[in-house]
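Work through these exercises with the sequence and the model side by side. Try each task before you read its solution.

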Amino acid sequence: MDLISKEEFLEGQVLLIDKPLEWTSFQAVNSIKWTIRKKFNLKKIKVGHAGTLDPLATGLLVICTGKFTKRIPEIQGQRKEYTGTITLGATTPSYDLETEIDKEFETNHLTESKIKEVTSQFTGKIQQKPPVFSALKKDGKRLYQYAREGEEVVINSREIEIFEFEIIAVEMPGVYFRVVCSKGTYIRSLAHDFGLALGSGGHLSALRRTKIGMYNVNNAITPPEFRAQYLEV
């Protein structure tokens, strides 16, 4: 891979970063920004990402530099593809593994054909409520702050679109899936709602973002790999 010059970074670049597990998107952006500033002895440079990934998710983070940060809203609006695992038989307050299991359910009534059949309820334009453990703001306060303080908060549903919802494999209690969706879709909420529709409860136990529009995680590198390219040459 050809190294990018200081002038090119300032003029604007789109970087494809593979966010590691347990990193925040903010940490990934800061790592890239620090590397560029260190390499070229820059006091400042604009660096931002086109769509957050939760710490427990991995995969594609599109990072823009310099003048290309103006393109972030356009990139954010494009279709996204994810792969992951929904674990049936239990729910969590955060809809993923960030919090402990709060309820358990029977799964004996489930068959692979039933699981695949229910995906049709979640394709097309649907109403979805964001998780209470999310960074969305209500009355100037982030939803996860209400959740951690044990406060009840009314969350309005909103329209999102699921273009494809494919079950790749069923190895109970795990359901392996691929989803192509619109901006604003919470895969954690999809996992939770899917479990409810099956009468078994469910939560997201693994998630990887594989595509945003034309950008593919197969062409991405991790922040440590990016740092090694620029600071160990």
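**Exercise 1. Describe the surface and the overall build of the chain.**

Start with the surface. The chain exposes about 12300 Å², and carbon and sulfur atoms supply 48% of that area. These areas come from the Shrake-Rupley method with a 1.4 Å probe; for residues, only the protein chains shown count as cover.

Check the ground rules. This is a predicted model: local features need pLDDT of at least 70, side-chain atom pairs count only at pLDDT 80 or more, and totals for chains, interfaces and linings use all residues. Residues are numbered from 1 along each chain as its sequence is written, and side-chain values use heavy atoms, with hydrogens and water left out.

Next, list the elements. The chain has seven helices and 13 strands. Helices (H or I, at least four residues) and strands (E, at least two) are DSSP runs, numbered from the N terminus.

Then take burial. Of the 233 residues, 47% count as buried. Buried means under 20% relative accessible area, exposed over 50%, and partly exposed in between (1.4 Å probe, protein chains only).

**Exercise 2. Find the face that helix 7 turns inward, and name its partners.**

Step one: locate helix 7 at residues 223–231; its buried residues are Pro223, Phe226 and Tyr230. Step two: look down the axis. The buried residues of helix 7 fall within an arc of 60°, so they line one face of the helix. The arc is that of the directions from the helix axis to the C-beta atoms. Step three: find what they pack against. The partners are helix 1 (6–11), strand 1 (13–19) and helix 2 (25–40). Contact here means heavy atoms within 4.5 Å.

**Exercise 3. Is Ser189 buried or exposed, and what does Ser189 touch?**

Place Ser189 in helix 6 (residues 187–198). Ser189 counts as buried because its relative accessibility is 0%. Now leave out residues up to four places away in sequence: Ser189 touches Tyr95, Gln128, Lys129, Pro130 and Pro131.

**Exercise 4. Pick out the backbone oddities.**

Begin with the peptide bonds. A cis bond joins Met172 and Pro173, with omega about 5°. Pro173 sits in the loop between strand 10 (158–171) and strand 11 (174–181).

Turn to phi. Glu22 is not a glycine, yet has a positive phi of about 75°. Glu22 lies in the loop between strand 1 and helix 2, and counts as exposed at 59% relative accessibility. Asn41, also not a glycine, has a positive phi of about 55°. Asn41 is in the loop between helix 2 and strand 2 (47–49). At 72% relative accessibility, Asn41 counts as exposed.
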